[in-house]
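Work through the exercises below with the model open. Try each task before you read its solution.

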Amino acid sequence: MNLHKAIGTIGGLTMVSRVFGFAREMMMSRIMGASGAADAFLVAFRLPNTFRRLFGEGAFSAGFVPLFSQRYHGPGGLEEARKFSEEVLAVFLPTLFLFTLVFEAGMPAFVWAIASGYADEPAKFDLTVFLTRITFPYLLLISLVSLFSGVLNSLTKFAAAAFAPALLNMAMLAALIFVPTGGVPTAIALSVGVTLGGVIQLALLWECSRRAGVSLRLRRPRITPSVKQFFVVVIPATLGAGVYQISQLIDTFFATRLPEGSMSYLNYSDRLNQLPLSVIGTALGTAILPQISRFIAKGEPEEAARVQGQAVELSMLLCLPAALALAVVAGPLVAAMFQGGRFTAEDAYITGNTLAIIVAGLPAYVLVKVITPGFYAREDTKTPVKTAAIVLVANVVFNFSLIPLFGIYGLAMAIAGCSWLNAVMLYVILRRRGHFRIEGWLWARIARQFLAALAMAAALWGMRLLLDGWFAGSVGERLVGVAALVAVGGIVYFGVAWVIGAMNRDDILILLKRKKVA
């Protein structure tokens with residue numbers, strides 16, 4: 001049950017962050033609307049965020065956590081793991097500084113590369129460049145946060161790293177509260193809030209690592225054997241993440257060539273799609289990587305496969321209903337969350353339709369988070385690179401094929417389709433190597449989960465028709481309507497799932513007993 005506890009900690013604190021994130025997005029949609037200034041800020045935020053995912057969270061964790069765990073659980077213990085962390089930091093920090101300076105100097109060219117659609121509007125393009133220069137230092141800060149998060153996660157201390165993103169959302173919320181005028185002034189305030197949020201996150205993670213007994217000193221940069229080993233693992237992972245992030249930038253490129261507001265529609269729909277992905281997928285991936293790495297190091301591949309199978313079961317139990325629910329109630333949910341102020345009913349309608357398409361790929365997104373630790377724990381970061389490269393090519397083909405026909409909806413279709421292509425390829429490769437396979441009992445369990453999710457979707461559709469007037473009413477009525485949908489959906493899904501055996505009842509009973517004891 002350690003996996004359940006870890007997922008509960010990570011998922012719960014990630015949910016706290018997401019609540020603040022939704023508060024931020026709700027305020028931003030009403031203050032900024034789907035305007036040119038909003039689009040400019042979203043591009044400015046996406047560029048450092050893209051490289052943050054490239055250098056920071058995914059690739060860095062894939063290389064750092066298994067190697068840190070090897071040293072921590074080896075003869076050298078914590079001291080050897082600390083030395084490894086300091087050697088990596090000594091090389092990582094100057095690299096990040098140099099990368100940031102290069103981008104700051106050449107920002108107009110980099111912005112043009114991903115948002116050339118704005119070049120026909122000089123004021124909008126210049127604003128995007130200016131805002132990106134403000135937000136880009138966030139890359140350096142959050143990449144260092146990823147290092148300290150890797151240390152804490154390796155020590156199975158997940159709380160601080162899971163809570164840290166909430167601090168960014170708080171900083172951006174403060175910017176909206178203090179500069180609520182909209183337009184360019186608010187866009188500038190939000191950009192400053194991004195960088196300040198990175199500073200606060202770094203301060204928290206540094207202090208938590210120090211209290212955990214890993215106080216890192218700055219060393220002279222040297223390519224030691226440990227650093228070489230780290231690069232051997234992390235460079236392919238970075239290339240793999242890079243292919244995926246290039247795919248994200250391609251999506252941005254196409255979105256900036258669509259009518260004004262398209263970046264906003266994509267952002268708000270993706271924000272709702274990211275909620276279950278972050279709470280479920282990221283929590284599972286973060287929790288199982290140290291466990292799988294430990295079992296592989298001990299020569300117990302069967303235990304590693306068992307952990308991965310348990311993660312697949314849990315992910316689908318939570319993800320299938322989330323995907324179907326978001327698809328069925330996308331319109332009312334977007335209206336309740338974002339409609340108002342400068343964000344019109346038409347904006348909410350387009351965003352809702354975009355969301356309903358994107359969530360078709362949500363189960364695949366989560367499966368990728370669960371499957372890839374099976375490669376990373378074995379220090380195989382090359383295979384995900386190869387699959388990601390194929391997905392990148394497919395993404396370009398899908399975008400060129402679908403966007404001329406369906407506009408922003410075609411972009412959403414491409415995103416969902418590529419996620420399934422990636423998940424299927426990774427699973428097939430892992431299965432062929434004999435590292436992990438979905439056994440018959442697990443397929444049966446997933447089929448029951450899908451049936452329970454279909455029953456929930458039918459109930460939600462009926463409730464949506466019954467409460468149709470509420471979703472066209474005041475903000476309060478819309479929120480009450482959404483709360484009713486959530487309550488009915490949860491009761492129907494988990495009730496049916498319990499009855500037809502779509503969940504592990506023994507695990508649930510153990511959790512309930514522990515809560516009673518506590």
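The exercises cover helix packing, then a cavity and a pocket, in this predicted model.

**Exercise 1. Find how H3 and H6 run relative to each other.**

Solution.
- Step 1: Locate H6 at residues 137-154. H3 spans 77-105.
- Step 2: Take the geometry. The two axes come within 9 Å and cross at roughly 165°.
- Step 3: Apply the cut-off. Angles over 145 degrees count as roughly antiparallel, so H3 and H6 are roughly antiparallel to each other.
- Step 4: Add the handedness. H3 passes H6 in a right-handed crossing.
- Step 5: Look at the contact. From H3, the residues include Val88, Phe92, Leu96 and Phe99. From H6, they include Leu140, Leu144, Leu147 and Val151.
- Step 6: Sort the contact residues by class. There are 13 nonpolar, three polar and one charged.

**Exercise 2. Do the same for H6 and H8.**

Solution.
- Step 1: H8 covers residues 183-211. H6 and H8 pack at about 20°, with axes 9 Å apart.
- Step 2: Angles under 35 degrees count as roughly parallel, so H6 is roughly parallel to H8.
- Step 3: The crossing of H6 and H8 is left-handed.
- Step 4: Among the H6 residues in this contact are Leu141, Val145 and Phe148. They sit in a set that meets H8 residues including Val199, Leu202 and Trp206.
- Step 5: The contact of H6 with H8 divides into 14 nonpolar, five polar and no charged residues.
- Step 6: Compare the lists. Leu144 of H6 is in the contact with H3 and also in the contact with H8. Pro137 of H6 is likewise listed for H3 and for H8.

**Exercise 3. Describe the second largest cavity.**

Solution.
- Step 1: The whole structure holds two cavities of 30 Å³ or more.
- Step 2: The second largest cavity contains about 30 Å³ of space.
- Step 3: Its lining is Val88, Val91, Phe92, Val227, Phe230 and Phe231.
- Step 4: Two elements give two or more residues to this lining: H3 and H9 (225-256).
- Step 5: By class, the lining has six nonpolar residues, no polar and no charged.
- Step 6: Link back to Exercise 1. Val88 and Phe92 line this cavity, and both also belong to the H3 contact with H6.

**Exercise 4. Which helix gives the most to the lining of the second largest pocket?**

Solution.
- Step 1: The pocket has a volume of about 270 Å³.
- Step 2: It is lined by 16 residues. Gly331, Pro332, Ala335, Tyr349 and Arg464 lie nearest its centre.
- Step 3: H12 (330-338) and H13 (345-358) each give two or more residues to the lining.
- Step 4: H13 gives the most, with six residues.
- Step 5: The lining has 10 nonpolar, four polar and two charged residues.

Note on methods
Residues are numbered from 1 along each chain as its sequence is written. This is a predicted model: local features need pLDDT of at least 70, side-chain atom pairs count only at pLDDT 80 or more; totals for chains, interfaces and linings use all residues. Side-chain values use heavy atoms; hydrogens and water are left out. On a 1 Å grid over the protein atoms alone, a cavity is a set of points where a 1.4 Å probe fits but cannot get out, and a pocket is an open set with protein on both sides within 12 Å along at least five of seven lines; lining residues have an atom within 4 Å of a point. Grid points are joined across faces, edges and corners, and a volume is the space filled by probe spheres set on the points. Helices (H or I, at least four residues) and strands (E, at least two) are DSSP runs, numbered from the N terminus. Ala, Val, Leu, Ile, Met, Phe, Trp, Tyr, Cys and Pro count as nonpolar, Asp, Glu, Lys and Arg as charged, and the others, Gly among them, as polar. Axes are lines fitted to C-alpha atoms, for helices over the stretch in contact, and angles run from 0 to 180 degrees between N-to-C directions. Angles under 35 degrees count as roughly parallel, over 145 as roughly antiparallel, 65 to 115 as roughly perpendicular and the rest as oblique. A crossing is left-handed if the near helix is turned anticlockwise from the far one by less than a right angle, and right-handed if clockwise. Contact means heavy atoms within 4.5 Å.
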